[in-house]
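Biologist: Could you take me through the disulfides in this one, slowly? I'd like to know where the bonded cysteines sit and what they tie together.

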Amino acid sequence: QVELVESGGDSVQSGGSLSVSCTASGNTDNYFCMGWFRQAPGKEREAVAVIARNGWTNYEDSVEGRFTLSQDKVKNTLHLQMNNLKPEDTAMYYCAAGISGTCSLRARISLWGQGTQGTVSS
């Protein structure tokens, strides 16, 4: 079975940066869409950024221009570089993968990582 493991979460000041990573173990050939979602306490989980197998990316409006999603195919790892962070970016960040539907912010997710906490203070 494929497993997604996140790392890199931390606490930073407003305006700072964080980089979170997701390493996939196992055979990921069936996953055409991967990305990051986030969830703050009392809020619904939302898509942050997704990337298709061909490298196409889609970003949530509030992070466009601040976050960059990339993939290292050699290491089978996703990286989310988060710059100019705001307190409202504070959330548990989850790596995710999908095997059906379209690779968009509305992608159907079939596999989740355990999450890594990103905290932005004022």
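Modeller: Sure, and keep in mind that this is a predicted model. Let's start with Cys22, which has a relative accessibility of just 1% and so counts as buried, since the cut-off for that is under 20%. Its bonding partner is Cys95, with an S to S distance of 2.0 Å. Cys22 belongs to strand β3 and Cys95 to strand β9 (residues 91–98), so this bond ties together parts of the chain that are 73 residues apart in sequence. Cys95 is buried too, with a relative accessible area of 0%. As for the geometry, the torsion about the S-S bond is -75 degrees, and the link between Cys22 and Cys95 is left-handed.

Now for the surroundings of Cys22. Strand β3 covers residues 18–25 and pairs with β1 in the antiparallel sense, over five bridges. In that pairing, Val5 stands opposite Thr23 of β3. Both strands belong to an open sheet of four strands, with the order β1-β3-β8-β7 and antiparallel pairing. At the edges you'll find β1 (3–7) and β7 (67–72), each of which pairs on one side only. Going from one strand to the next, the twist averages 15 degrees.

Back to the sulfurs. A search of the whole structure turns up two disulfides. As a quick reminder, a disulfide is a covalent bond between the sulfur atoms of two cysteines. Besides the link from Cys22 to Cys95, there is one between Cys33 and Cys103, where the sulfur atoms are 2.2 Å apart. That pair also links distant parts of the chain: Cys33 is in strand β4 (residues 33–39), while Cys103 is in the loop between β9 and β10 (111–112), and the two cysteines are 70 residues apart. Both Cys33 and Cys103 are buried.

Look at the handedness here as well. The torsion about the S-S bond of Cys33 and Cys103 is about 75 degrees, so this disulfide is right-handed, whereas the one joining Cys22 and Cys95 is left-handed.

Finally, the connectivity. If you count the bonded cysteines along the chain, the disulfides follow the pattern 1-3, 2-4. To find your way around on screen, start from Cys22 in β3 and go across to Cys95 in β9, then pick up Cys33 in β4 and follow the bond to Cys103 in the loop between β9 and β10.

Key:
Residues are numbered from 1 along each chain as its sequence is written. This is a predicted model: local features need pLDDT of at least 70, side-chain atom pairs count only at pLDDT 80 or more; totals for chains, interfaces and linings use all residues. Side-chain values use heavy atoms; hydrogens and water are left out. Two strands pair if DSSP finds at least two bridges between them. Axes are lines fitted to C-alpha atoms, for helices over the stretch in contact, and angles run from 0 to 180 degrees between N-to-C directions. A disulfide is a pair of cysteine sulfur atoms within 2.5 Å. Buried means under 20% relative accessible area, exposed over 50%, partly exposed in between (1.4 Å probe, protein chains only).
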